[in-house]
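Biologist: Before we discuss this model, please set out the grounds for each term you apply to it.

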Amino acid sequence: MDEVRALGAFAALSQETRLRIVRMLVKAGAEGMGAGAIATALDGSAASRVSFHLNHLEQAGLIVSRRKGRSIIYSAIFPALSDLVAFLMRDCCEGHCEVCDRAIALFAQCTGRPTAETTPVRRNFVCT
């Protein structure tokens with residue numbers, strides 16, 4: 001990830017509602033969440049307000065939308081989020097840190113797909 005793209009992503013995440021949305025979508029995994037469910041989870045925020053924030057996050061390349069019937073479902077783009085973390089850690093220990101290198105490699109492999117052990121209470125994601 002280059003610096004310009006990272007700045008756009010950080011700008012999008014630097015607003016409370018958008019950060020909350022991304023965190024919700026990370027928890028939702030590959031299934032994502034409908035716009036209405038996102039608005040409800042944000043204490044019943046107005047649809048136009050939520051739409052504004054979702055559009056901003058989508059333009060920053062952090063989330064993606066898809067149509068399912070009459071609903072629009074939003075999902076986190078896990079590779080983009082892992083690239084953002086990797087961007088922050090790239091120069092860790094001047095590039096000589098095994099721990100950071102392993103963390104960056106793991107983030108790059110995370111897809112957000114639920115594993116077979118997925119339960120309604122806690123979701124596990126494939127990061128291999």
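Modeller: The sheet, the helices packed on it and the nonpolar core are taken in turn below. This is a predicted model, in which local features need pLDDT of at least 70 and side-chain atom pairs count only at pLDDT 80 or more, while totals for chains, interfaces and linings use all residues. Residues are numbered from 1 along each chain as its sequence is written, and side-chain values use heavy atoms, with hydrogens and water left out.

Biologist: What makes S2 and S3 a pair?

Modeller: Two strands (DSSP runs of E, at least two residues) pair if DSSP finds at least two bridges between them. Six bridges join S2 to S3 (residues 71–76), and the two run antiparallel, so the definition of a pair is met. Ser 71 in S3 is the bridge partner of Lys 68.

Biologist: Why are S1 and S2 called edge strands?

Modeller: The open sheet has the order S1-S3-S2. Strand S1 (33–34) and strand S2 (63–68) each pair on one side only.

Biologist: Which strands does helix H2 touch?

Modeller: Helix H2 (residues 16–28) packs on the sheet and touches S1, S2 and S3, where contact means heavy atoms within 4.5 Å. The direction of H2 makes about 90° with that of S3. Helix H4 (residues 47–59) lies across S2 and S3, at about 120° to S2.

Biologist: What makes a set of residues a nonpolar core?

Modeller: Its members are buried Ala, Val, Leu, Ile, Met, Phe, Trp, Tyr and Cys residues joined through side-chain atoms within 4.5 Å, buried being under 20% relative accessible area with a 1.4 Å probe, protein chains only. The largest such core has 26 residues, and those with the most contacts inside it include Ile 21, Leu 54 and Ile 63. H2 gives the largest share, five residues.

Conventions. Helix = DSSP H or I, 4+ residues; strand = E, 2+ residues; numbered from the N terminus. Axes fitted to C-alpha atoms, helices over the stretch in contact; angles between N-to-C directions. Buried < 20%, exposed > 50% of the residue type's maximum accessible area, 1.4 Å probe, protein only.
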